[in-house]
Structure formats: structure tokens, C-alpha cells
Amino acid sequence: MRHGVARFVTGFLALPVGLYLFYVVWPFLQAAGYSLTDWGGYSDRQQFVGLENYLRLFSDELIRKAFWHNVFFLITVPLFTIALALFLAFLLNVGGREDKAGIRGVFGSGLYKVIFFFPQVLSLVVIAVMWQQIYRADGQGLINGMLMKIGLVSEDDPITFMYDPEPFLGVPAVLWWLLLIAVWSGAGFYMVLFSAAMQSIPKDVYEAAILDGAGRFHTFFRITLPLLRDTVSVAWVYLGFIALDMYALVFVMTPSQGGPNHASEIFASVLNFTAFQKGQFGYACAMGVALAIFTILLAALQLRITRRERIEY
Amino acid sequence: MSVTPDLDRRTLLRRAAAAGLLVTPAAGLLSACAGSTPSQNNDSAGEKSDDNPFGVQDGSAVKVVIFNGGLGDAWAKEDQAIFNAKYPNVTVNMSSTQKIKTEEQPKMATQPSDVVMNSGADMMDISTLVNEGAIEPLDDLLAAPAWDGEGTVADSLLPGTVGDGTYQGKFFVVNVAYTVWGNWYNSALFDKEGWTPPKTFDEFFALAPKIKAKGMAPYVYDAVHGYYPRWALMATVWKSAGKQAVIDIDNLKENAWRAEGVLPALEAWEKLVKDKLLLPGKLDHTQSQQAWLDGKAAFIQVGTWLKNEMAATIPPGFEMKISDYWGLGATDKAPNDVYAGAGEGIVVPAKAPNKAAAKEFLRAVLSKAGSAKFAELTKSLASTKGSGDNVQDAALASANELMKNAGSDLISIKLWNFYADLDKESQNLSAELMAGRLTAAQFVDKMQTAADKVAKDSSITKQTRDA
């Protein structure tokens, strides 16, 4: 009956794998092929140019700028999102008082879970449009309006959010404002992920620790965090992808898609400009392929560093 | 406590992560580059005659894509009716969108639509389309007899229309809307306050304190799209430095940006920003236009599509009128030249399956009947002569008035249509200047550097203009 199973499995897999190969893998290969040409994108004229496009990447100032902006997000998005998500998950699951029923979350944690998770059900573009109104750079913006009402911001000098390239800690302010949205929209999902992982940690471990006199600080850093290591590590990789993308937010929210004056330029926005405005698809494909290689290397590195014996319980 | 199956969670998650790799950031970008197999090009071959100059085939279909922006798309349906009255057996598949590039670019190399109105923020770069041979030269359309008037199609167009659509010596782009740009004001308010719309920056700077005294900002601009303030900056440059200076700039001539008159023009704008005459805050085009309609600012600069774009929210008693861009005064080389020209370009892709019907459809768009409907519905002039003659509208009348008193040349700048790099750079720098982060001198330096870089780059096809 062994071969019967194989036929059964193949029967189910053939179609999805075929579709996947045709609609996902094949375009990737095509893009890699185009990256070796000078194709403009609007015609079927193309010439093979070898690795010229890749060499150009290294001397492209705009790409370099975009690269460092991506690196900024690569570090900050996972860091802040995971820290916030862990903090929230800890409060919701084991941060409350302990009583006869054992360890529990803070009062009303069920409601908070729904509220924190809510941004996850919105599409990123919807989030961006919503934050456009929150960040609106005059008295009608949510933040500016409130701050003006209580007199913290003068009507003649509103906070300009997306239009502010002035560096804060060496990074343009506009990137920090984008980071806030990314963290806000991402933290809910990882909070739920970490909550689930925390629930699978046996309560008696906590009770034993508490009996031994451990406070919240120690239970979190000595018990919760080590036991969540696997989950946090995977979350880190996923957030890394999101940080390397960030395209929707930059595209919808920033002036001239990467502005003001290139202050929020990222890999994807440069790629978009190169492909669709400048009509250099070959070069743009090379950017895409370079980004893909970078992403894969990063993920591999990440998973290797965090590999460790798992603790069984 | 729990069992560990042979496929543990870590392995599962790692595999999921590896699979996720293929669908996350790079994925969207990579597949954006992918194309598909080209299809056969089967142009219709009907009988050609004076009445049917391109040989439209009976029973064929033509796909028309309209940009549904400030002008809406109602006018195009009128053109469709005019076209179908003559060709009842030709199917017109009309659709409208704001995402021209997003929807049309992927089809350009293989199966494009027949008629594409290439306009708006998401338009396909014209110089790229021309360089790639992706659009059809339409010189035969110009030479064809007009749909319902005397002479050829070219004869029926307003001055500048043919020039605005010509690239590398060939006519590629049919710009259907004739736009006049300038400074808009509420003439009801100005009459009440006894203010006269200024003609020069000096007059504006003299009027500004009076406007401020009424609790109004003298000026508001679109801080999101760099090309909005750029129209105004370049109009002042033209007026101050003259036509030849701008032609030199467009032709990437050495030190063209350092020509006499360019810097003072930009310094006037620098002063406007430094003197805090702008409405505080950063608004986009419709937000800034609404702020102007709400009486928060006295002047806004934009083209004649303004009235149609804001039609729903114009307050009662508000009488919008356009006045010419401000010059610097006595030193101006071309003080009376008006920024006007044909915009909202329609192109026919080189691989369009039914080019004959596409050109015939454009002939219908440029007809007297079609363009009169255009002016009536959009409150903007069409690029066909006489389109606004029967439209009663104060805004349109003020634009007509402006055109009547115009100098011999129309202000037209080609730089941003010629080179995508300079388009981006000039938009960014215009926004920076208006934000007060750049002085006029820095603007000139940076534009000159960018122009020199493009001039030296052999991978960029150069374009030139003579007039």
C-alpha cells in the first residue's frame, strides 16, 4: 500500500506545487534573469549586460542611503516590537496578582488582548491612511490638534511628522515616526504569539519560583524569557522581513515616496523609482535580487546564532 | 511534560520561516519585475477614406483607459457617444482609474490597451516610453482631417498643443486639456477688502501684511507633491530670466542654472518662506485647496482643473479667479508670458492591437463637439480651439482673460518630462526650498550639479528643445 500513499499525496500536492512554481518561483527566476540585462520595462528590447547592474549597486549613493535606512529598521523594528509585545504578554498572562487560582494576568486582560491585537486585522495601507490623519501636519491632525488644545504646540509651528528630515539620534525624524507605526501595528500579533507560548509554560514553575521569593523582575528574566527563546527568535526573523520591506508605509505616507528629499528612502522605494519612473527594470531587478540574497543570508545567520538545545517540559 | 513529536515546533517554525522568505519583502519586488510572453499584434485593416482616415474595421473593439483625476471621466463618455454614433459596430471598452502606471505598465510590452490617458501622480514616465519605443508616433493623426471642422486635426488645436506632445521630432502625446496655471484668489473677498491681485512679488509683499491683519495666511501650497510648488518656481524663473534661459536649462547647457535672473527669481520665493507668509502646517493638494476655500489663506497656485476638483466643497459666495504668476518687476525679461499648455496626455501604445480605432477615437476626442462637452463638464478648456466659447463660468472666464493678455510665448518647461532623475531632484528641491531648509543659492547649486550629472551620464538618452 506504500505506493498508494505516495499517489494520494502527489495527487493533492501536484496542483498547489505547480501553481506555486509557475506564479511564485518562475517570476523569481525571470527577475534574476532580467537583472543581467538592460531591459527598460516598456518594450521587449533587452541586451545581456552580465553583472554590470550589480556592480552599479555598490557605487549608487541613493542605494547606500536606502540601505542604511533599512538597517535602521532592521535593528529597531524587531527590538521595539518584541520588547513591547513581551512586556504586554507578560502583563496579560503572569503579571497580575497571585491567589488561590494561581498566577494570572492583570485585571481585564481579555479585553486588552483584543484591543492590542486589533491593528493586525487592518491592512497596512488602511493603517497608513489612518495614521496620515493622526500625523496630519496642521491643527486638524489628531496629535497636533490635541497638543494645540492643551497648548503644548503652537498653531504657527505644528509638528510636521512625515515632513521632518531633521535628525534625531542621527536618524531623520520621519523614520522614527514610521517606526512608531510599524511597532504599533506589529506588537499586537507578537503579543498573542508570546501569550500562547507563555501559556504553555507550566504554572508550577512560576509557583516554585515565587515560593523561593522571586519577584516579577526575576520571574520574567529567569523563567519567562529563557523559555520563550525559540518563539522570540522566530519572531525576530519575521520582523526582520517586515523591517526590510516597510514599503507600504513609506509609499503611502511620505512625501514623494521616500522624501522629504530622500530622508525616508528605503530599498523598495529606490527600486520602485528605478523600475517605474526611470525605466531601468534590469537594474531594479538587480536591486530586488540583491535584497533577496541579503534577506536569506540574514535569516540563515539569525537562526544559526539562536540555535541551542531546547528545554523540554 | 509534553511529548516531542519528530517534527518539533522549532523545525516547523524554521521551515515556515524559510517558506515565508519566499513570499516576504523581496517577493513582491521580484515578481514586480516579471513579465509574460508577448502576444501577436493584429492591427485591424479596414478600408481607409477621408471619412475613416485610419481604416477602422467594423466589428473590432478598442480598449480605452481614462485617468479619473481632477477632471473626472464624464467627458470621455461623451466622446465615446460621439465615436459610437459614427461607428455603431465598433465596441469601445472604456475604463477609468487613477492607477495608470500600476495597471498599464505591466501590459505595455505585451498586451497594452489601445488608448491610455497617461496622467496623474501614477503616470508612466514619458521620456522612458519614447526611448523604449513603447508608444506610437501620432503624426498621421495630426495630418488627418478634423472630425467636424475645417482643415486638419493639427489646425484645430490651440498653440502649444503640438509642441507639448512632441518628443525627438515626433508627435507622441495628445494632451487633451488646455491648462492655464497661476495664482488663484477669491475675488468676492478681494473686492470686499479693496485688495488688488498683485502682479509682482513686490506688490505681493506689500499686500501681505494687510492679509495677515485679517487673520489669514497670505499663501498656501501643496507640501506633499513637489511638482506643485515647482510650477510656480519655474514660472518665476521664466519671467525673470526669460525664455532662452529656460531652454538652456532644459538642454542641460553648462551653467544654465547660473544664468542671469534665475537666482533672483528663486530668492523671491525664499523671502516668501523666510517672512512666514505661508499657512503653517504641511498639507497635500486637496487639503491645501480646501484650506484656501475655507479662507485660511489668500493665494494658492494651481492649474485650471481646480474648480472641477473642488466643486463639491466650494462655499457659497466664493468666487474663484486666476491671476498670472508673479514676476519680479522691471528687471523681468518676459513679464507677460503665461504658464499655459496642453496637459493630461493620451498615448497609443506601440503594441496596441487596434491602433486604427485608437487614432480615430482620439480624433473624436479632439472634435469640436467633444471638446465643447469637455469644457462644459470639466470647467477647463480643451486643447481644441473654441471649446470654452459657450461655457458661462467665472473661473473659466478669468483664465480666458489671462490668455488674451498673455505675451507672445507660453511658459513651458520640459526638464521633468525629459529626465526622470531631474524630475525627482527638482521636485525634492522645490519642496525643500518651500520648507525653508534650502536657500535659493543652494537650490541653484544642487540643480546645476544634478543637471551636470545627467549630462555626463552616457546611459541617459539626451533630448533637446529649440523653442
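This dialogue walks through a predicted model with chains A and B.

Student: What should I know before I start reading?

Tutor: The model is predicted, so local features need pLDDT of at least 70 and side-chain atom pairs count only at pLDDT 80 or more, while totals for chains, interfaces and linings use all residues. Residues are numbered from 1 along each chain as its sequence is written, and chains are lettered from A and ligands numbered from 1 in the order in which they are written.

Student: How many helices and strands does each chain have?

Tutor: Helices (H or I, at least four residues) and strands (E, at least two) are DSSP runs, numbered from the N terminus. Chain A has 13 helices and two strands. Chain B has 20 helices and 12 strands. The radius of gyration of chain B, taken over C-alpha atoms, is 25 Å. The globule rule (2.2 Å times the number of residues to the power 0.38) gives 23 Å for 467 residues, so chain B is as compact as a globular protein of that length.

Student: What share of each chain is buried?

Tutor: Count the other C-beta atoms, placed from the backbone, within 10 Å of a residue's own: 20 or more means buried, 12 or fewer exposed, and anything in between partly exposed. In chain A, 41% of the 313 residues are buried. In chain B, 52% of the 467 residues are buried. Helix 15 of chain B, residues 355-365, is mostly covered, with 11 of its 11 residues buried. Among them are B:Lys355, B:Glu360 and B:Arg363.

Student: Which parts of chain A does UniProt list as "transmembrane region"?

Tutor: UniProt positions are given in the numbering used here, feature names are shortened, and annotations may be inferred rather than shown by experiment. The unreviewed UniProt entry lists residues 12-29, 71-94, 114-134, 174-193, 232-253 and 281-301. Now look at two of these stretches in the model. Residues 114-134 of chain A are 71% helix and 0% strand, with end C-alpha atoms 21 Å apart. Residues 232-253 of chain A are 95% helix and 0% strand, and there the end C-alpha atoms are 29 Å apart.

Student: At what angle do helix 3 and helix 12 of chain A pack?

Tutor: Two packed helices are described by the angle between their axes and the distance between the axes. Axes are lines fitted to C-alpha atoms, for helices over the stretch in contact, and angles run from 0 to 180 degrees between N-to-C directions. Helix 3 (residues 61-93) and helix 12 (residues 267-277) of chain A pack at about 150°, with axes 8 Å apart. They are therefore roughly antiparallel (over 145 degrees).

Student: Which residues make that contact?

Tutor: Two residues are in contact if their C-beta atoms, placed from the backbone, lie within 7 Å. Helix 3 of chain A brings A:Leu62, A:Ile63, A:Ala66, A:Phe67 and A:Asn70, and helix 12 of chain A brings A:Phe267, A:Ser269 and A:Val270.

Student: Where is B:Thr128, and is B:Thr128 buried or exposed?

Tutor: B:Thr128 is in helix 5 (residues 126-131) of chain B. B:Thr128 is buried, with 22 other C-beta atoms within 10 Å. Leaving aside neighbours within four places in sequence, B:Thr128 contacts A:Gly40, A:Tyr42, A:Lys278, A:Gly279 and B:Ala420.

Student: Which phi values do A:Phe161 and B:Asn255 have?

Tutor: A:Phe161 has a positive phi of about 45° although it is not a glycine. B:Asn255, also not a glycine, has a positive phi of about 55°. A:Phe161 is buried, with 24 other C-beta atoms within 10 Å, whereas B:Asn255 is exposed, with 10.

Methods. Angles under 35 degrees count as roughly parallel, over 145 as roughly antiparallel, 65 to 115 as roughly perpendicular and the rest as oblique.
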